[in-house]
Amino acid sequence: MIQYVIRRVLWSIPVLLLLTLSVFLLMRAIPGGPFDFAGEKLLPQSVRQNLQRKYHLDEPIEIQFVRYLVGDFVDTHDIRDFGKDGLLRGDLGLSLRQRGRSVNDILGDSFPISAQLGILSMLLAIIIGIPAGIFAALKQNTWIDYSSTFVAVLGVSIPNMVMGPLLIWLFALKFHWFPVATWGAKPPFLLGFLPTPTAKFWLHAVLPVLSLGTALSASIARLTRASLLQVIREDYIRTARAKGLRESVVVARHALKNSLIPVVTVLGPLFAAVVTGTFIIEQIFGIPGMGKHFVTSIGNRDYTLIQGATLVYAVLLVIANLMVDITYAWLDPRIRYD
Amino acid sequence: MAAMERAAPAELPERKERSPWADATYQLMQNRLAVISIGFIIILVLLAVFADFVTPFDFAKNHLKDNYALPSATYWFGADNLGRDIFTRTIYGTRVSVSVAVIAATVSLGIGLIYGIVSGYLGGRVDELMMRFVDFLYGLPIIIVVILMQVFFKAMARSGNAVGIWGGLIALNKSLGGMLFIFIAIGALNWIGMARIARGQVLSYKEKEFIEAARSVGAGPTRIVFRHLLPNVIGPCIVQETLQIPGYILLEAFLSFIGLGVDAPTPSWGIMIQEGYQALRSYPHVLVAPAVALTLTVLAFNFLGDGLRDAFDPRLRGV
């Protein structure tokens, strides 16, 4: 198992490098550059050239990429500098548009907020979705099944951009139960990502977590139901029933674990996506999370920021998929990694 | 077991023999939600085609003194920040969503089927290589790539000095209100899931006896693929494609919401929802029509996709 994990981690390194290179090249293929405008005003040619020189954007593209990876080592050739100011030592560089701020700083402030929102939403989704799916499957073809399936389809069909404003209008503007927008915690966070769990934090979290979580829980419920229905028809379930086990034991001890495999498969990538920020929800609720960087930094040609944000997402995806594989082995003892 | 089988036919109602397709159609028609959804989608398509005849206004015409007008006999669903009729814009919005649904689905199904069938049928080295490429594309974050492509297209269109094929594409895109590039951006990566499914299907049928029989009587590869493989492979692929359509519609709405969608003043539900959200505090009625339209459309395609899946997969049917 440990060997398997190490092999997977080592494999992910070239994949991550290839992805970084892809984003690096694609961004530079888009016409326009980071220093075309200051606000609405077109910058003069000379200023642009100076800025490009300062950020090394005037160098040949392959040198730029090597510099992004190993930092100042390109100039000094001093082995002690290898990777310093570069990706290989975890330095994502300076933002090209937010002058004076490093990408590490920007993501360090915004990622924890997205992660708090994302983890709470995922928890809500799992707590509602999995039991609802199990319940619907056990009551297949009764009105309970039909109505919960209907609600689940409705849940996956209401887009975030509809659910968010609806909740704001109803619970913030009409009833004044919850604040309209913004997030209830600010950096610096405990241990770098934990919010102080004040009443303010929870009040602000309710509406965005609800809008994100309900949609997720609906799709998890659908998946759980379909998967459990398939497992429950397997031969070993018939065997368990034939042994005279109670139905609750058959479901809880025999069917459930296996039926969770497809659910876990989806949860992994979903987790990586949700934790790195959902643009729409963050935009609608005015949450200063990471989601907006994926959109604005491409429009702004903030090369380093989009590269950094994509990399964080990709690393989380690798970790999440690894966790999924490890969970498989726990859910289904037939799965072995040697 | 044998006794049960002999006893069973007496209790079963008489059942005509049907081809799998006819059987699936029959099953689909038994599903009330799916039938309602099909009806709704047909109405949507008709509205999209005949939008010019249904709507009382020009979708781009401003009536500045009527901005944010409440619903009335003139403006059925009210008017937006520029006094444009929301009913008219919602109806025209169906054009974008329906075209994205149809074209993205067709492109994805087409590329995916061809790629998957070629890969699965040829097998060996070619298959290996083609599937590694799909694996690589799978690793790319789709949303980021779609945003990258849209920003690229918009920048190219704005720079305006493109010639040759680029110039033609940009002109065509402009006449479509910006929809062409959305089709390309959405279609570019969404065929990979389909390619995997098609390949899997081909692999499971390729070694079956009826293919061998066809080959033994001298059928060439073209005949085998088109007469014997394709009819078997296409069913599950169409089901899967239908299940993906809500995703395409939502992706277009997302792009329009963030300002990377169709070009103003072409109406898209995503843009209208964004405008409605901006006015939520004082004029919540602006949001209602596009939000309901988008939700109902996604809902209808979800019900249709579920219905198709159940119809084609007897195991999921209620016993």
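Colleague: How many salt bridges does the rule find across the interface of chain B and chain A?

Modeller: This is a predicted model, in which local features need pLDDT of at least 70, side-chain atom pairs count only at pLDDT 80 or more, and totals for chains, interfaces and linings use all residues. Residues are numbered from 1 along each chain as written, chains are lettered from A in the order written, and side-chain values use heavy atoms, without hydrogens and water. A salt bridge is a side-chain nitrogen of Lys or Arg within 4 Å of a carboxyl oxygen of Asp or Glu. B:Asp306 and A:Arg222 meet in this way at 2.8 Å, N to O, and the number of salt bridges found across the interface is one.

Colleague: What area is buried between chain B and chain A?

Modeller: Buried area is the accessible area (1.4 Å probe) that two parts lose on being put together, summed over both. Carbon and sulfur atoms give 78% of the area here, and the total is about 3300 Å².

Colleague: Which three residues supply the most of the area that chain B buries against chain A?

Modeller: The contact (heavy atoms within 4.5 Å) takes 36 residues from chain B and 40 residues from chain A. Supplying 17% of the area that chain B buries, more than any other three residues, are B:Ile144, B:Leu148 and B:Tyr277.

Colleague: Which element gives the most to the side of chain B that touches chain A?

Modeller: Helices are DSSP runs (H or I, at least four residues), numbered from the N terminus. Those of chain B that give two or more residues to this side are α7 (142-159), α12 (221-257), α13 (269-278) and α14 (285-312). With nine residues, the element that gives the most is α14(B).
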